[in-house]
Amino acid sequence: MDTLNWICLIFIIFLVAKAVFADRSPIPETSGMVFKIANAAEFDALISNNIHVVVDFYADWCPPCRAIAPVFSGLADNHTINGHLAFAKVNVDHVKDIAGRYGVSAMPTFCFFKNGELKGVAVEGLRGRGSVGFTEDGLVDRIRGADKVALETVVKSLAGK
């Protein structure tokens, strides 16, 4: 084999090994203010009993989910307001029906609920960010990916309302 073939073979072995040995242990939750949703009934109760809820749809095998988890926990610690602003995590591998209900196909995805319904949030300064989805009327619909700046901006906007 020539050198190029060896390099390709090593690269393929590296990718396979990385996938096989990826960390699949549960992502630790460091905040007591984040609800870990186990079923649809818990989720429905949470979004109906709080004015605003920020939901992190994640997977344990997802490296960006691991990276943003401490940021999400910190936001929950600093901005939770009982009955007004709550934070929840939904593991898409364990509670698939909720992820399917809201069309979540990328992890992490952050969705925003108001009075029990998926609603956009009025936030200035987030236009042009590929990770941020908008409604037809320009409200932040969801954030796909571990975009710390966008997540912090939306949460601070919700906490000020």
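Me: Buried means under 20% relative accessible area, exposed over 50%, and partly exposed in between. In this scheme, how does lysine 119 count?

Reply: The model is a predicted one, and the accessibility of lysine 119 is computed from it. The relative accessibility of lysine 119 is 38%. Because this value lies between the limits of 20% and 50%, lysine 119 counts as partly exposed.

Me: Which residue forms a salt bridge with lysine 119?

Reply: The closest N and O atoms of the pair are 3.8 Å apart, and the limit for a salt bridge is 4 Å. The partner has a relative accessibility of 47% and therefore counts as partly exposed. The partner is glutamate 117.

Me: How many salt bridges does a search of the whole structure find?

Reply: Side chains of opposite charge can pair when their charged atoms come close. Among the pairs found here are glutamate 117 with lysine 119, arginine 101 with aspartate 44, and lysine 89 with aspartate 56. For the whole structure, the number of salt bridges is five.

Me: How many residues apart in sequence are the parts that arginine 101 and aspartate 44 tie together?

Reply: The side chains of arginine 101 and aspartate 44 meet in a salt bridge, with 2.7 Å from N to O. Arginine 101 lies in helix H4 (residues 96-101) and aspartate 44 in helix H2 (residues 40-48), so the salt bridge ties together parts whose separation in sequence is 57 residues.

Me: How do arginine 101 and aspartate 44 count, buried or partly exposed?

Reply: Arginine 101 has a relative accessibility of 40%. For aspartate 44 the value is 29%. Because partly exposed covers the range between 20% and 50%, arginine 101 and aspartate 44 each count as partly exposed.

Me: Which strands hold lysine 89 and aspartate 56?

Reply: The side chains of these residues meet in a salt bridge, at 3.0 Å from N to O. The pair links distant parts of the chain, 33 residues apart. Lysine 89 is in strand S3 (residues 85-91), and aspartate 56 is in strand S2 (residues 52-58).

Me: What is the relative accessibility of aspartate 56?

Reply: Aspartate 56 touches Phe72, Ala88, Lys89, Val90, Pro108, Thr109 and Phe110, leaving out residues up to four places away in sequence. Lysine 89, its partner in the salt bridge, is buried, as is aspartate 56. Aspartate 56 counts as buried because its relative accessibility is 0%.

Me: How does leucine 75 count, buried or exposed?

Reply: Leucine 75 lies in helix H3 (residues 63-79). Beyond its neighbours within four places in sequence, leucine 75 is in contact with Thr80, Phe87, Leu151, Glu152 and Val155. Its relative accessibility is 6%, so leucine 75 counts as buried.

Me: How does proline 63 count, buried or exposed?

Reply: Proline 63 has its place in helix H3. In sequence, proline 63 is 45 residues from proline 108, while their C-alpha atoms are 9.4 Å apart in space. With a relative accessibility of 59%, proline 63 counts as exposed.

Me: What is the relative accessibility of glycine 130?

Reply: Glycine 130 lies in the loop between strand S5 (117-118) and strand S6 (132-134). Its C-alpha atom is separated by 20 Å from that of phenylalanine 72, which is 58 residues away along the chain. Glycine 130 counts as exposed because its relative accessibility is 81%.

Me: How many helices and strands are there in the protein chain?

Reply: Read along the sequence, the chain follows the pattern α-β-α-β-α-β-α-β-β-β-β-α. The C-alpha atoms fill a box of roughly 65 × 35 × 30 Å along the principal axes. The protein chain has five helices and seven strands.

Me: What share of the residues counts as buried?

Reply: Of the contacts with a separation of 6 or more, 73% are between residues 24 or more positions apart. The accessible surface comes to about 8,600 Å², and 59% of it belongs to carbon and sulfur atoms. Among the 161 residues of the protein chain, the buried share is 41%.

Me: Which element has the lowest mean pLDDT?

Reply: The protein chain averages a pLDDT of 89, and 91% of the residues score at least 70. Where pLDDT is low, the predicted coordinates should not be read in detail. The highest mean among the elements, 98, belongs to S2, and the lowest, 70, to helix H1 (residues 3-20).

Definitions and conventions. Residues numbered from 1 in each chain as written. Predicted model: local features only at pLDDT ≥ 70, side-chain atom pairs only at ≥ 80, totals over all residues. Heavy atoms only, no water. Helix = DSSP H or I, 4+ residues; strand = E, 2+ residues; numbered from the N terminus. Buried < 20%, exposed > 50% of the residue type's maximum accessible area, 1.4 Å probe, protein only. Contact = heavy atoms within 4.5 Å. Areas by Shrake-Rupley, 256 points an atom, 1.4 Å probe, with all protein chains shown as cover. pLDDT = per-residue confidence, 0-100.
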